[in-house]
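Here's a quick briefing to read alongside the coordinates. Have a look at the model first, then work through the notes below.

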Amino acid sequence: MRTPVFIFSILSVAFIAAIGCSPAAPPTASEKVLTDSNQSLNEDKWVLQAGDLQSYKGDAQWKVEKHTLRGGKQDGVEIIEVDNGTLQFRVIPTRGMGILDVNLGDVRLGWDSPIKEVVHPKFINLESRGGLGWIEGFNEWMARCGLEYAGHPGKDEFITNTGAKGEMDLTLHGKISNIPASEVIVTVDEKAPHTIRVRGRVDERVFFGPKLELWTEISTKPGSNSFTISDTLTNRGSEPQEFMLIYHANYGSPLLQKGAKLVAAAERVAPFNDHAAKAVSQWDTYAAPKSGFVEEVYQIFPYADKSGRTTIQLQNAKGDRGVSMNWSLKELPYLTQWKNTVAKTDGYVTGLEPGTSFPHNRKWERAKGRVSKLDPDQSRSFSITFGIQTTKTEVDTVAKEIDALRANRKTKVDEKPESDPFPKPE
Amino acid sequence: MRTPVFIFSILSVAFIAAIGCSPAAPPTASEKVLTDSNQSLNEDKWVLQAGDLQSYKGDAQWKVEKHTLRGGKQDGVEIIEVDNGTLQFRVIPTRGMGILDVNLGDVRLGWDSPIKEVVHPKFINLESRGGLGWIEGFNEWMARCGLEYAGHPGKDEFITNTGAKGEMDLTLHGKISNIPASEVIVTVDEKAPHTIRVRGRVDERVFFGPKLELWTEISTKPGSNSFTISDTLTNRGSEPQEFMLIYHANYGSPLLQKGAKLVAAAERVAPFNDHAAKAVSQWDTYAAPKSGFVEEVYQIFPYADKSGRTTIQLQNAKGDRGVSMNWSLKELPYLTQWKNTVAKTDGYVTGLEPGTSFPHNRKWERAKGRVSKLDPDQSRSFSITFGIQTTKTEVDTVAKEIDALRANRKTKVDEKPESDPFPKPE
Amino acid sequence: MRTPVFIFSILSVAFIAAIGCSPAAPPTASEKVLTDSNQSLNEDKWVLQAGDLQSYKGDAQWKVEKHTLRGGKQDGVEIIEVDNGTLQFRVIPTRGMGILDVNLGDVRLGWDSPIKEVVHPKFINLESRGGLGWIEGFNEWMARCGLEYAGHPGKDEFITNTGAKGEMDLTLHGKISNIPASEVIVTVDEKAPHTIRVRGRVDERVFFGPKLELWTEISTKPGSNSFTISDTLTNRGSEPQEFMLIYHANYGSPLLQKGAKLVAAAERVAPFNDHAAKAVSQWDTYAAPKSGFVEEVYQIFPYADKSGRTTIQLQNAKGDRGVSMNWSLKELPYLTQWKNTVAKTDGYVTGLEPGTSFPHNRKWERAKGRVSKLDPDQSRSFSITFGIQTTKTEVDTVAKEIDALRANRKTKVDEKPESDPFPKPE
């Protein structure tokens, strides 16, 4: 921060100058450091409102607020709530800067997980249930999967401290969404459009292992109906480092319903397994909740526009509510569609998951050439822009954009899952 | 609560009306919500005493108090102490509403575990020591075992998220006693006998797995020498769900001593294994502490009275102190007796454990037809009433009741353990 | 404490009399209990300075201070900082009384681990990564390894609660450095030289397993350039108990550098494995940081002086800075040298680790006769004195002492690692 432009509604909140190591620090923004473990700093409560920023003259009554949850398995979990005056979202620094939900009027990005609390990582054992412990805390709209590995549990090789090959049990979707952020900063641009940013650094560091640093950002403009996730991943180790990163965005009722539709310009759709293969012809429509439904997962290879970007949209049955996701395939080439239309009490949900890979076990993904690598000090950025459509006209406009992007190119729908890179001997 | 009848000894404690979802809420009781994660509410400290309840005119100077432990592995563990004027007990919301101990004069329900602190679940790894991590926090008088599984660790099959059969390592006695309560309520009835209730909801929910909700209650009347545990388990998922529930009640010195006796109307007693078989003829008497003693466990199938209830009693050697347990075999058909008369420093203790099953691994119990199932939204209730006897007359009175219940029916004592449902190929 | 001799710089800090159970309580010291889980006591903040002790008339402006870290994975970690007026060290009660670092001018005992936070044990899963979870929190100058086991992960037998043989996965370096202290006491001697002591009790207790109690102490004299670690381990169980204890002292830049030297009177040096064997001839000198370096570990069997003590020294390349370690081989007969001269960002470090064994898996160490045992109530004490040398003269003086200790006795350098006690069938 350069000048003391904020006027606070609470006392004794000191501002701290921007720290250089954050890759995307805007040059003319005021900043509030909410967490910085280097300084042993962590604010329990904090609030900033439109009226507190002298340079802000807009109409949208935006607000950013931090508080800490109490009770049960969520005791001590930190939440940052952002209201841009039009849409609201909640970020969870304690859970790797995951995003609990986004709301705009009657459109909710989020779902009703059977997990009712925002579970503190101290109550999660990722090794539990054969490596499925992750799902005991899974209820966010957007959970990042990674970083050393994402996807299914199972054995994979690694190099131990002695230089020998060891075997380790990978756990579902990795660690990143159960690591608390070490640095959390809220910034509001001094100049119009006064973009609000919640940024957090989540470190996945192991002594003999990855030294991966993820700077996450979610930003929005006051009054806007869209927002952007924009992350930068850096290898802070001295050796090349594999990584996987999947943005596990989850949608439930009311957007998801019988007849809801995924609009995507897909070059190819492939079922994840034989079970999903049976329903592959209906990949882009959703069924009503059904008890005992077994998940159907599809690999989607999207088409891009000339700049390398694609857009997908989930729209409700009536076609008057929707959410769109727009990103670059150079950053996130693969899209996983997870259909989990179980009973509502069990977690009726679909995941639309752009990623650097599909969520197979890392060993499988590596064999398929979909595990990425970062050189020492190399960074890669990932950005997804989300729009919310609240009228039939808005929904149709986005659907037409996707149609234009497709440009009459065909979709190849595979009848069988991709071949197993490790076939069992017969 | 309908009217503000409590007068508080501490400031600023607000009362909150009873919440409808709690199944056993008494209609004319005043209530204090101590924890409710839905409301992000958790009181660190609270106290309510006889003089605070205007409608109470009795002599017994009862008191209910909440506080939070500090230091070591117990830092952050919440305790609710109830003194009904005659007996005292301590409930641990942080450890699944387990009960640390009960005291009435010189009779203690409890034991001297080598674990000296009330360990916070954040320091417990149930997967540790080959699935025996549970015992690193085991020191309660009463720990519930369950809910997805209870009993010995070992492999069992389950259905993974892909619909395929997976194998998971069950951990000793399940998770429920290491899950913090999400909702805790203290109620005191407005009308005589002004029953005091400490109630807590503990959720064992997994996304691809059980959605089990346990409402626990421990209640007592001011001035009484007895109390009741009364729980209701509900399947909140949309599919039938297996469960196991064992009430692991543990008794040490001074009640347990050389010559102490288990008085029970047993139809059949069977040793758990070959080791226990050697001592089966002395199943109902206890030995002095002995270093290196290896646990002896017995399966007891009790007789019931006409209403389906049974009573057991543990009495000291002199027969002038005792504790009785009375429950319905329709709810908890099996009784496990765990003799662990090791040296005092190692945890001289006996467990008397009514359950829906015996504590074999779930796979074994399922093969024997002792794993229960709940349909969606189905509930089952479990209730045990405990009495404390402090004179020879009182002890004898209970022993006679048990004798009457037996009604001259014989006890079959098996010389060998029940057959292994999974015999190894020879 | 006998008399209220402290005057405090903060209000409302009550002193509590010394508790008898602490084995090394000095008779004429003033004491402050910072943590005692028996009393549910834990101070968040506390400070004591030279001026607060009436009987202190010295020049050194010493200070002892406790605070609690905030943010990220370190949230809630307690730190005790001691400044004796000349040197400073930081003790971590939350991590088994490990010592984060020691500083005297430009000499630092410590290293730059890629783990940047002092990680709270609640974020550590020792079972993770095939039993290597320990390294996700490893950044102390001095971490104790043990107590039930230390060394490499891997399977070992143990006796389960049923008396049967079970197999458990040992995890790297055991639990002790991830167990919070249950009792922490600071004492300052009333009489000159007014020794300052930070003492802590760390319990490693399992119901069916070890009941080990470790009283740790780090002490220094105001103005001194040395300090002493002095621990007492007691078996509180009724049966003989194996244990392992290794003092994992870690040194990085600037002391460790290309050309830095380990000065030791070694009777024998043996490589840990074939990889280390290749470089055994240069065991006592250090290389520059190198990305991808694979650790080289050496077993050192030191010579002792007539009283059974040995001294080693790590000196920098110029020979004008050094640290010395002096201890009794009767207490800690084995010295492990861990060379991990990887790139600076990956953790350029050497470990000099006196222990009751080498850090092989316990099964290996037991087969080699290096696993110790304690009878019931038996105690063993371990003490290491550290000196810091800040001039060439001081460094040379210590090096000459080591040379005198050697007394022209030779060093046998093995070309091959010790034989595997469990050779695989060919």
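Start in chain B of this predicted model, where A264(B) has I312(B), in strand 20 of chain B, as its bridge partner. From that pair the notes move out to the sheet, then to helix 5 in chains A and B, then to how the copies are arranged, and finally to P417(A).

**The sheet in chain B**

- Strand 17 of chain B pairs with strand 20 (residues 309-315) of chain B over 4 bridges, running antiparallel.
- That pairing sits at the end of an open sheet of 10 strands, ordered 2-1-12-13-14-15-25-21-20-17 in chain B.
- The pairing in this sheet is antiparallel.
- Which strands of chain B sit at the edges? They're strand 2 (41-42) and strand 17 (261-264) of chain B, each of which pairs on one side only.

**Helix 5 in chain B**

- Helix 5 of chain B covers residues 392-406, which makes 15 residues.
- From first C-alpha to last, helix 5 of chain B reaches 21 Å, close to the 21 Å you'd expect at 1.5 Å a residue.
- V395(B), V398(B), I402(B) and L405(B) are the buried residues to look at in helix 5 of chain B. Because they cover an arc of only 85° around the axis, they end up on the same side of helix 5 of chain B.
- Turned away from that buried side, the other face of helix 5 of chain B carries T393(B), K400(B) and A404(B), which are exposed.
- The cover over the buried residues of helix 5 of chain B includes strand 17, strand 20, strand 21 (322-328) and strand 25 (379-389) of chain B. Strands 25, 21, 20 and 17 also turn up in the sheet order of chain B.
- Right after helix 5 of chain B comes A407(B), with a positive phi near 55°.

**Helix 5 in chain A**

- In chain A, the 15 residues of helix 5 (residues 392-406) should span 21 Å at 1.5 Å a residue, and the end C-alpha atoms are indeed 21 Å apart.
- Which residues of helix 5 of chain A are buried? V395(A), V398(A), I402(A) and L405(A) are. Their arc around the axis is only 85°, so they lie on the same side of helix 5 of chain A.
- T393(A), K400(A) and A404(A) are exposed on the other side of helix 5 of chain A.
- Strand 17 (261-264), strand 20 (309-315), strand 21 (322-328) and strand 25 (379-389) of chain A are among the elements covering the buried residues of helix 5 of chain A.
- A407(A), just after helix 5 of chain A, takes a positive phi of about 50°.

**How the copies are arranged**

- Chain A can be laid on chain C by a turn of 120° and a shift of 0.0 Å along the axis, with an RMSD of 0.0 Å. The two copies are therefore related as by a three-fold rotation axis.
- K122(A) is the residue of chain A that comes closest to the rotation axis, with its C-alpha at 3.1 Å.
- Chains A and C use different surfaces: 10% of the contact residues of chain A recur in chain C.
- Laying chain B on chain A likewise takes a turn of 120° and a shift of 0.0 Å along the axis, for an RMSD of 0.0 Å. In chain B, the C-alpha nearest the axis belongs to K122(B), 3.1 Å from it.

**Where chain A meets chain C**

- Contacts here involve 30 residues of chain A and 32 residues of chain C.
- On the chain A side, the elements giving two or more residues are strand 1 (29-36), strand 2 (41-42), strand 11 (165-170) and strand 13 (196-205). Strand 11 of chain A gives the most, with 3 residues.
- By type, the chain A side divides into 9 nonpolar, 12 polar and 9 charged residues.

**P417(A)**

- P417(A) lies in the segment after strand 26 (412-413) of chain A.
- Buried or exposed? P417(A) is partly exposed, with 18 other C-beta atoms within 10 Å.
- Leaving out residues up to four places away in sequence, P417(A) touches A270(A), P271(A), F272(A), N273(A), D274(A) and A277(A).
- P417(A) and I124(A) are 293 residues apart in sequence, and their C-alpha atoms are 32 Å apart in space.

Conventions. Residues are numbered from 1 along each chain as its sequence is written. Chains are lettered from A and ligands numbered from 1 in the order in which they are written. This is a predicted model: local features need pLDDT of at least 70, side-chain atom pairs count only at pLDDT 80 or more; totals for chains, interfaces and linings use all residues. Two residues are in contact if their C-beta atoms, placed from the backbone, lie within 7 Å. Ala, Val, Leu, Ile, Met, Phe, Trp, Tyr, Cys and Pro count as nonpolar, Asp, Glu, Lys and Arg as charged, and the others, Gly among them, as polar. Copies are superposed by least squares on the C-alpha atoms of residues with pLDDT of at least 70 in both. The expected span of a helix is 1.5 Å times one less than its number of residues. A residue is buried if 20 or more other C-beta atoms lie within 10 Å of its own, exposed if 12 or fewer, and partly exposed in between; C-beta atoms are placed from the backbone. The arc is that of the directions from the helix axis to the C-beta atoms. Two strands pair if DSSP finds at least two bridges between them.
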